[in-house]
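I opened a fresh notebook page for this one and kept my entries short. Here is what I looked up, in the order I went through it.

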Amino acid sequence: MKYSIIIPVYNRPDEVQELLESLTHQRYTDFEVIIVEDGSSKPCDSVVRQFADKLQIQYLSKPNGGPSAARNYGAAQAQGQYFIVLDSDCVVPEGYLAEVDRELSKQPCDAWGGPDKADSGFTPIQKAISYSMTSFLTTGGIRGGKQKLDKFYPRSFNMGLKAEVYRQLGGFSNMRFGEDIDLSLRIFEQGYSCRLFPKAWVWHKRRTDFRKFFRQVINSGIARINLEMRHPGSLKLVHALPACFTIGVPLLIILAIVWSPWWLAPLGLYILLLVIGATMRERSLHVGLLAVPAAFVQLGGYGMGFLWAWWRRYVLHQQEFGAFSKTFYK
């Protein structure tokens with residue numbers, strides 16, 4: 001068995017069905033699928049049974065412990081030479097595994113990751129959120145791709161690594177968010193080779209509304225400070241840009257009220273670029289307009305989480321888990 005695809009699941013039977021269906025259409029077929037039910041109240045066992053004669057698939061169930069524990073649980077049962085970790089809200093194109101195998105044959109490496117895209121069937125809000133997460137105008141420049149402000153770090157919605165490397169590193173840590181970047185940092189710190197596979201992309205649904213998206217990006221901002229505490233030197237100036245945005249936007253509004261409306265000109269230009277960029281990519285003015293609140297939620301939420309974590313970890317000297325236990329999500 002060459003590849004083991006490990007998928008943690010929490011209350012997403014419908015999305016799991018879409019992902020498994022997409023895996024039945026893979027041109028490359030030397031793989032197994034391991035579904036790990038992480039204490040769901042809406043289990044997907046009946047969905048998995050529908051694919052028992054179409055895929056080599058295992059269904060595992062465990063008490064809720066978060067995505068890291070679920071992935072590690074699945075990895076312990078995996079038989080592949082390589083582990084591929086996908087989120088349950090992803091869908092893969094039919095050439096996905098063939099592209100992964102082609103890249104590894106062309107230039108072997110210890111670990112890799114791939115980008116994500118918005119499918120044409122996504123809702124306008126999902127497309128706007130996808131744009132905000134992948135555009136160079138937001139934080140797409142630090143998430144991988146041809147244009148980037150920092151080195152590429154694989155993320156858990158679409159990442160892979162040698163099984164032996166996974167085991168040597170101890171798998172995912174017990175972080176409740178940022179665990180994928182923590183693993184990527186350990187990959188680099190231990191001297192393993194890691195690459196971006198630009199054509200091994202997935203459709204990633206992410207969050208379906210701005211409230212859920214806001215909670216997600218706050219956790220991402222918190223994670224960046226926690227990662228710096230675990231990996232001193234991993235925090236770069238670029239990671240503080242959303243915090244600058246969070247502080248800068250209210251400041252510009254205040255200056256516009258007190259002194260001159262011209263202080264809003266930079267903000268207006270940024271909004272215009274967002275609308276044009278998202279409209280052109282998705283060929284929809286509706287998505288272009290929704291990209292504005294999506295980008296503000298993303299940058300503002302990330303910045304708030306970043307600043308909150310900086311205060312509680314560095315100033316109040318609180319510990320990682322004690323400081324943010326209320327923000328943990330299942």
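**Entry 1: pairing around strand 1.** I began with the term I needed: two strands pair if DSSP finds at least two bridges between them. I also noted that this is a predicted model. With that in hand, I looked up strand 1 (3–9) and found that it pairs with strand 2 in the parallel sense, over 7 bridges. Strand 1 also pairs with strand 4, again parallel, over 4 bridges. I picked Ile 6 to see both pairings from one residue. Its bridge partner in strand 2 is Ile 34, and in strand 4 Ile 6 stands opposite Val 85.

**Entry 2: the connection.** I followed the chain from strand 1 through helix 1 to strand 2, and these three make a right-handed β-α-β unit.

**Entry 3: cover on strand 1.** How many residues of strand 1 are buried? I found 7 of its 7, so to speak a full row. In a regular strand the side chains alternate between the two faces of the sheet. I therefore checked the faces separately, and both are covered. Tyr 3, Ile 5, Ile 7 and Val 9 are buried on one side, and Ser 4, Ile 6 and Pro 8 are buried on the other.

**Entry 4: the cores.** In soluble globular proteins, nonpolar side chains tend to be buried together. I looked for such groups here. The largest nonpolar core has 33 residues, and Tyr 3, Leu 20, Leu 23 and Ile 35 touch the most other members. Strand 1, helix 1 (13–23), strand 2 (31–38), helix 2 (45–49), strand 4 and helix 4 (96–106) each give two or more residues to this core. Apart from it lies another core, of 20 residues, which includes Ala 78, Phe 83, Val 165 and Leu 183.

I then listed the neighbours of Tyr 3, leaving out residues up to four places away in sequence. Among them are Tyr 28, Phe 31, Tyr 82, Ile 84, Leu 97, Val 100, Leu 104 and Trp 112. The list also holds charged residue names, including Asp 30, Glu 32 and Asp 101.

**Entry 5: helix 1 and Val 47.** In helix 1, I found Pro 13, Glu 15, Val 16, Leu 19, Leu 20, Ser 22 and Leu 23 buried. These buried residues pack against strand 1, strand 2, helix 2, strand 3, strand 4 and strand 5. To look at the helix 2 contact, I took Val 47, which sits in helix 2. Is Val 47 buried or exposed? Its relative accessibility is 7%, and because buried means under 20%, Val 47 counts as buried. Val 47 touches Pro 13, Val 16, Gln 17 and Leu 20, with residues up to four places away in sequence not counted. Between Val 47 and Leu 20 there are 9.0 Å from C-alpha to C-alpha, and they are 27 residues apart in sequence.

**Entry 6: helix 3.** Here the buried residues are Pro 67, Ser 68, Ala 70, Arg 71, Gly 74 and Ala 75. Seen down the axis of helix 3, they fall within an arc of 165 degrees, so they line one face of the helix. I checked what that set packs against: strand 1, strand 2, strand 3 (57–62), strand 4, helix 6 (163–169) and helix 7 (179–189).

**Entry 7: the open sheet.** I then turned to an open sheet of 3 strands, with the order 5-10-7 and mixed pairing. Strand 5 and strand 7 (116–117) each have a single partner strand and stand at the edges, so one side of each has no neighbour in the sheet. Strand 5 and strand 10 (residues 202–204) run antiparallel, joined by 2 bridges. Val 91 stands opposite Trp 203 in strand 10.

**Entry 8: Asp 89.** I found Asp 89 in the loop between strand 4 (82–86) and strand 5 (90–91). Asp 89 is buried, with a relative accessible area of 2%. What does its side chain contact? It makes a polar contact with the side chain of His 204, at 3.2 Å.

**Entry 9: positive phi.** I ended with two loop residues. Arg 283 has a positive phi of about 55 degrees although it is not a glycine. Arg 283 lies in the loop between helix 10 (265–282) and helix 11 (285–315), and is exposed at 78% relative accessible area. His 317 also has a positive phi, near 60 degrees. I placed His 317 in the loop between helix 11 and helix 12 (320–323), where its relative accessible area of 59% makes it exposed.

Key
Residues numbered from 1 in each chain as written. Predicted model: local features only at pLDDT ≥ 70, side-chain atom pairs only at ≥ 80, totals over all residues. Heavy atoms only, no water. Buried < 20%, exposed > 50% of the residue type's maximum accessible area, 1.4 Å probe, protein only. Polar contact = N/O pair within 3.5 Å; in protein donor to acceptor, adjacent residues only side chain to side chain. Core = buried A, V, L, I, M, F, W, Y, C linked by side-chain atoms within 4.5 Å. Contact = heavy atoms within 4.5 Å. Right-handed = clockwise from strand over helix to strand, strands pointing away. Arc of directions from axis to C-beta.
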